[in-house]
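Reader: I would like a close look at a single part of this model, the loop between the opening two helices and what surrounds it. Please set that part within the whole chain, and say how far the prediction can be read.

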Amino acid sequence: MECRPCNQRKSGRTPEQARMQLMYAPYVPNKAEYLILSNRNILADQMDFLAQHVNANSRWKAA
């Protein structure tokens, strides 16, 4: 999902004011999850390693 359309729709309002629901509770991803979510070109063996270091409640695992 691209952020721009939602950000433009939300504008300077809170999600509640814009009548938008959060898809995920805000959190700071760990370094492994950040690398996965940043859509880098990750090789299979690298992905296996990174996946072992991602929290069970990760947004990435829900996708």
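Author: The protein chain holds four helices and zero strands, where helices (H or I, at least four residues) and strands (E, at least two) are DSSP runs numbered from the N terminus. This is a predicted model, in which local features need pLDDT of at least 70 and side-chain atom pairs count only at pLDDT 80 or more, while totals for chains, interfaces and linings use all residues. Residues are numbered from 1 along each chain as its sequence is written, and side-chain values use heavy atoms, with hydrogens and water left out.

Along the sequence the pattern reads α-α-α-α. The radius of gyration of the protein chain is 15 Å, well over the 11 Å that the globule rule gives for 63 residues, so the chain is more spread out than a compact globule; this radius is taken over C-alpha atoms, and the rule is 2.2 Å times the number of residues to the power 0.38. Along the principal axes, the C-alpha atoms fill a box of roughly 45 × 20 × 15 Å. Of the 63 residues, 14% count as buried, a term that means under 20% relative accessible area, with exposed over 50% and partly exposed in between (1.4 Å probe, protein chains only).

The loop you ask about runs between helix H1 (3-10) and helix H2 (31-37), and Pro-29 is found in it. Ser-11 belongs to this loop too, and its phi is near 60 degrees, a positive value in a residue other than glycine. Arg-19, also in the loop between H1 and H2, has a positive phi of about 55 degrees although it is not a glycine. As background, most residues other than glycine have a negative phi. Ser-11 counts as exposed because its relative accessibility is 52%, and Arg-19 counts as exposed because its value is 77%.

Pro-29 is partly exposed, since its relative accessible area is 28%. Although Pro-29 and Ser-58 are 29 residues apart in sequence, their C-alpha atoms lie 7.9 Å apart in space. Ser-58 appears again around Glu-33, a residue of helix H2, which touches Tyr-27, Val-54, Ser-58, Arg-59 and Trp-60, not counting residues up to four places away in sequence; contact here means heavy atoms within 4.5 Å. Glu-33 is buried, because its relative accessible area is 3%.

Arg-19 offers another pairing across the chain, with Leu-43, which is found in the loop between H2 and helix H3 (44-51). These two are 24 residues apart in sequence and 40 Å apart in space, C-alpha to C-alpha. Leu-43 counts as exposed, because its relative accessibility is 52%. For the chain as a whole, among contacts between residues at least 6 apart in sequence, 22% join residues at least 24 apart.

How far can the prediction be read? The mean pLDDT of the protein chain is 84, and 92% of its residues reach 70 or more, pLDDT being the predictor's confidence in each residue, from 0 to 100. Among the elements, helix H4 (residues 59-62) has the lowest mean pLDDT, 68, and H3 the highest, 91. Where pLDDT is low, the predicted coordinates should not be read in detail.
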